[in-house]
Amino acid sequence: MRVLSLAIRVLVFILFVGWLFIWFVMPTNTYRHQWLPKIQDKSRHSSYFGSEGTSLLMYTFPILFIAVLGCVYVHIERRCKEQNVKIRGNDNGLAMWKRPGFVKGPLGIVSWTELALLAMFVALLVWSFATYLNNSYHNENEWESRLGTAAYWLGVVGNICLVFLFFPVARGSSLLPLLGLTSESSIKYHIWLGHMTMAFFSAHGICFVVYWAATHNLSQMLEWAKTDVSNVAGEVSLVCGLIIWATTFPGVRRKFFELFLYTHHLYILFIVFFIFHVGISYACIMLPGFYLFLLDRFLRFLQSRRRVRLLSARLLPCHTLELNFSKHPGLKYTPTSTLFLNIPCISKLQWHPFTVTSHADLEPDTLSVAIKCEGTWSTKLYQTLSSPSAIDNHLQVSLEGPYGPVSTSFLQFDSLIMISGGSGITPFISIIRHLIYNSNSHQQIPKLLLISAFKNSSDLTFLHLLLPLSGANTLENFQIEAYVTRDKSPKDENPQFRTVIFKPHEEDSPATAILGPNGWLWLAWIICSSFGIFLALMGIVTRYYIYPIDGNSNDVFNLSLRSFLHMLGLCLCIVMAATAAVIWNKRKLAKEGRQIQNVEGATPNASPSAMGFDNVGETELESVPFEALAQSVRVYYGERPNLPRILLERKGENVGVLASGPKKMRQEVAAICGSGLAPNLHFQSISFTW
C-alpha cells in the first residue's frame, strides 16, 4: 500500500509539473512560432479530433488523469486508515510554512505556504502578460493597435485564472483531498481566482470597446462571426460575469445573501457564451476544472433527489437544535465534515451547510448536525419544530454530502487546544466524539482543552451536544473552560430541552454515499468512461459530420455549432456515465439485501427511550451523558478568555491549536500562534463562512 501510494504521488507530481511547464512556455516565441504551428498543422488534418485534439491532449487529459490517480490514492488512504496503517509521514519540517503569515486584511488568515503560492501565481500572470506584449509590439507603433493587442492578451491571461476557478468548488473532486484541502478551506481560493478572472476579463472588454471606438468600428460589438471569435457572445458572458461579481463583495453578500446565491447560477450562461466566444478548441484549456465541477454537480443533484429519514430533533433553550438522521453503516466520514440540507417546507430552493456532529463509527446508524438559529431559515425551522404539532408531523429532508478531509491531522499532536466562540463549537463536537471513539479503542489520543466563549448562560446548553446520546464514556484528559461574557452569574440552573420523534415515511431512506462504500473508485471509473465516450462520440461526429465540411477548402464549419455539439456531447456523456454508476450501486445494495438497522425509535412501535431519550417533551439538561462530562467543566461568568496567557503558557513540544467562531477571535488566535513566541503551537482555522 505504501509503495503504491508513493508511486501515485510521484506520478501526480511529474504530470502536474509537466502541465505547469506548458503554461510557462506558452507566451514564448519558441512555443508560438516553432512548436505550436507544427502541432496545429498535424491536428488540423486530423479527421477525427480536428483542432480540438491538441488542446485535449495538452490541457485536458493531464488534469483528468491526475484526478483519476487522485481517486485511487484517496481510496488507498481510506483503506489504510481503516486498518490503522499510516502512509503519510510527519510534516513537522513544513510546520513553519503552515504558520499564519497574514492575519488581517482582504485575504483573511493565510499561511506562508498560501502566500508563497499566491505570489508565484501572480508572478505567472504578470510574466505571461508582459511576455505576450513584448513579443507582439515589435511591428506596432500606433496606440490604437497596441491597445487592441493589449486587450487581446488581457483576455488570454484572464483565461489562465479561469482554468483554476472551478477546482476549489468541486466538492467531491479528488484533487482537493490529494492536496490535503477541503471544500470549505478552498472557498477563499475560489474567491481570489474569481476576483482576478473578472478583473482581467473586465479590462479585456473595456479595452476592446475603447479600441473599437477609437478606430470608428463600434459595429464590431454586434458581430457574431461564423468562423471566428463571436463578440456578442463575449459581451453576454462578460455581463453575466459582472452580475455575479457585483454580488460577491462582502457588503452585498452579507445583506443580500439570497441574491448572491441565486445570481451565481448565471455561471451556466457565463461558461456557455464564453465557449461560443472563443470556440471549443481554445475553451479546452479551461475544460478540466469545469468538467470535474460539472460531474460533481450532477452527482450532487442525483443525491439531492433522495429523501433522507429524519429520526429525531433535540431543541435546546439556547435556540439551537440537533437533527438526527438514519444512516447506512457503510457511510464513512471524518470529523469537521459538512453536509448541505434542504427542507422544502422551509424553502424549496435554499441549501444550507452544517457541520456533522456525529461520528461514523461511534454512531454507525445515526448522522447528526447541530443548527444555531442565526438567520431566517434556521429560525423558521426552530419555530416549526417547537410547535405542539411537530411531534406528529413528518419532515421531508434532502441532503448533499458529507464532505470533509480524507484524514485527520489533530491526532499527531501531544495536546490539543480548541478555541470556539458561540456556534463555532459545532466542528469540535465531531472531533471530541472521534477522540472518545479512539479512547474506547485503546488508541493514544492527545490531551484536550476546550475553551468556549458564550454570550449568555443559556448558551451553555450547547455543551450538552458534546457527547452522543448513547452515553459513551467521556475522555480522561479532557478539560473544558466555558466563559459567559454577558452574565455575571447563572440565570437558569435547570434548563429544559425538548425532544421530537418523527414518524417514518415509506419514501424516506437512510443517508448513503451516492456511489457506495467504494465511491472514489467509482468516481475514477466515471471520469475515465465519460471522457472516453466523449472522445469516441466527438471523433465520430467530427469524422462524418464536421470534417466533410471543414475539410473542404471552399467552406468552413460553423464555429458556434461546433462548440454547441461539443458541449452537448460532454453533458450527455457525464449524465450517462454518472447515472449508470449510481443505478448500479443502488441495485447492488438492494440485491445484497442490506437492510438498514435504524435506531429503534424510528419505528412506529418503538419507545422513545430506545433512542436514548428518557421521555418525549421537556427534559432536564442533567442527563446521564452530561453528568459524566460536567466534572470536566469550569464556567467563568462575566469574563473573556485570556488567550495570550492560555496559549503562551501551554507546555508541550507539539501543541495543536484549532480556532472556530467569530472572525476577530480567529484572527487573535492566529496572531498569537504566528508571532513566533511559542514555536510549539501549530494553528489551524476552521471557518464555514460562505
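**Figure 1. Overview of the protein chain in the predicted model.** Residues 24 or more positions apart account for 79% of the contacts in the protein chain with a separation of 6 or more. The chain is made up of 690 residues, of which 52% count as buried. Its secondary structure consists of 21 helices and 16 strands. The chain exposes about 32100 Å², and carbon and sulfur atoms supply 60% of that area.

**Figure 2. The largest nonpolar core and the surroundings of Phe166.** This core holds 99 residues, and Leu162, Phe166 and Ile527 touch the most other members. Helix α3, which covers residues 52-82, gives the most to the core, with 14 residues. Another core, of 32 residues, lies apart from it; Leu316, Ala370, Phe454 and Leu467 are among its members. When residues up to four places away in sequence are not counted, Phe166 touches Tyr267, Ile271, Gly289, Phe290 and Phe293.

**Figure 3. Helix α8 and the residue His216.** Helix α8 comprises 28 residues, from 187 to 214. From its first C-alpha to its last, the helix reaches 40 Å, which is close to the 40 Å expected at 1.5 Å a residue. Just after α8, His216 takes a positive phi of about 55 degrees.

**Figure 4. Helix α16, a mostly covered helix.** The 15 residues of α16, numbered 426-440, should span 21 Å at 1.5 Å a residue. The C-alpha atoms at its ends are 22 Å apart, in agreement with that expectation. Of the 15 residues, 12 are buried. The buried residues include Thr426, Pro427 and Phe428 towards the start of the numbering, as well as Arg433, His434 and Asn438. Ile429, Ile431, Ile432, Leu435 and Ile436 are also buried. Just after the helix, His442 takes a positive phi of about 65 degrees.

**Figure 5. A nonpolar patch on the surface.** The patch is formed by Ile533, Tyr545, Leu561, Phe564, Leu568, Leu572 and Met576, which together have about 620 Å² of accessible area. Two elements give two or more residues each, namely α17 (519-550) and α18 (559-591). Helix α18 gives the most, with 5 residues. In an α-helix there are 3.6 residues a turn, so residues three or four places apart point the same way. Phe564, a member of the patch, is located in helix α18. Phe564 counts as partly exposed because its relative accessibility is 41%, and the partly exposed class lies between 20% and 50%.

**Figure 6. Thr579 and its contacts with residues distant in sequence.** Thr579 also belongs to helix α18. Its relative accessibility is 25%, and therefore Thr579 counts as partly exposed. Leaving aside neighbours within four places in sequence, Thr579 is in contact with Phe298 and Leu302. Thr579 and Leu302 are 277 residues apart in sequence, yet their C-alpha atoms are 8.2 Å apart in space.

**Figure 7. Arg634 in strand β14.** Strand β14 covers residues 633-637 and includes Arg634. Arg634 counts as exposed because its relative accessibility is 52%, and the exposed class begins over 50%. Leaving aside neighbours within four places in sequence, Arg634 is in contact with Ile480, Glu481 and Ala482. The C-alpha atoms of Arg634 and Ile451 are separated by 9.8 Å, although these two residues are 183 residues apart along the chain.

Notes:
Residues are numbered from 1 along each chain as its sequence is written. This is a predicted model: local features need pLDDT of at least 70, side-chain atom pairs count only at pLDDT 80 or more; totals for chains, interfaces and linings use all residues. Side-chain values use heavy atoms; hydrogens and water are left out. Patches are made of residues with over 30% relative accessible area and no salt bridge: like charges are joined within 9 Å, nonpolar side chains (Val, Leu, Ile, Met, Phe, Trp, Tyr) within 5 Å. Accessible areas come from the Shrake-Rupley method with a 1.4 Å probe; for residues, only the protein chains shown count as cover. A salt bridge is a side-chain nitrogen of Lys or Arg within 4 Å of a carboxyl oxygen of Asp or Glu. Helices (H or I, at least four residues) and strands (E, at least two) are DSSP runs, numbered from the N terminus. Buried means under 20% relative accessible area, exposed over 50%, partly exposed in between (1.4 Å probe, protein chains only). The expected span of a helix is 1.5 Å times one less than its number of residues. A nonpolar core is a set of buried Ala, Val, Leu, Ile, Met, Phe, Trp, Tyr and Cys residues joined through side-chain atoms within 4.5 Å. Contact means heavy atoms within 4.5 Å.
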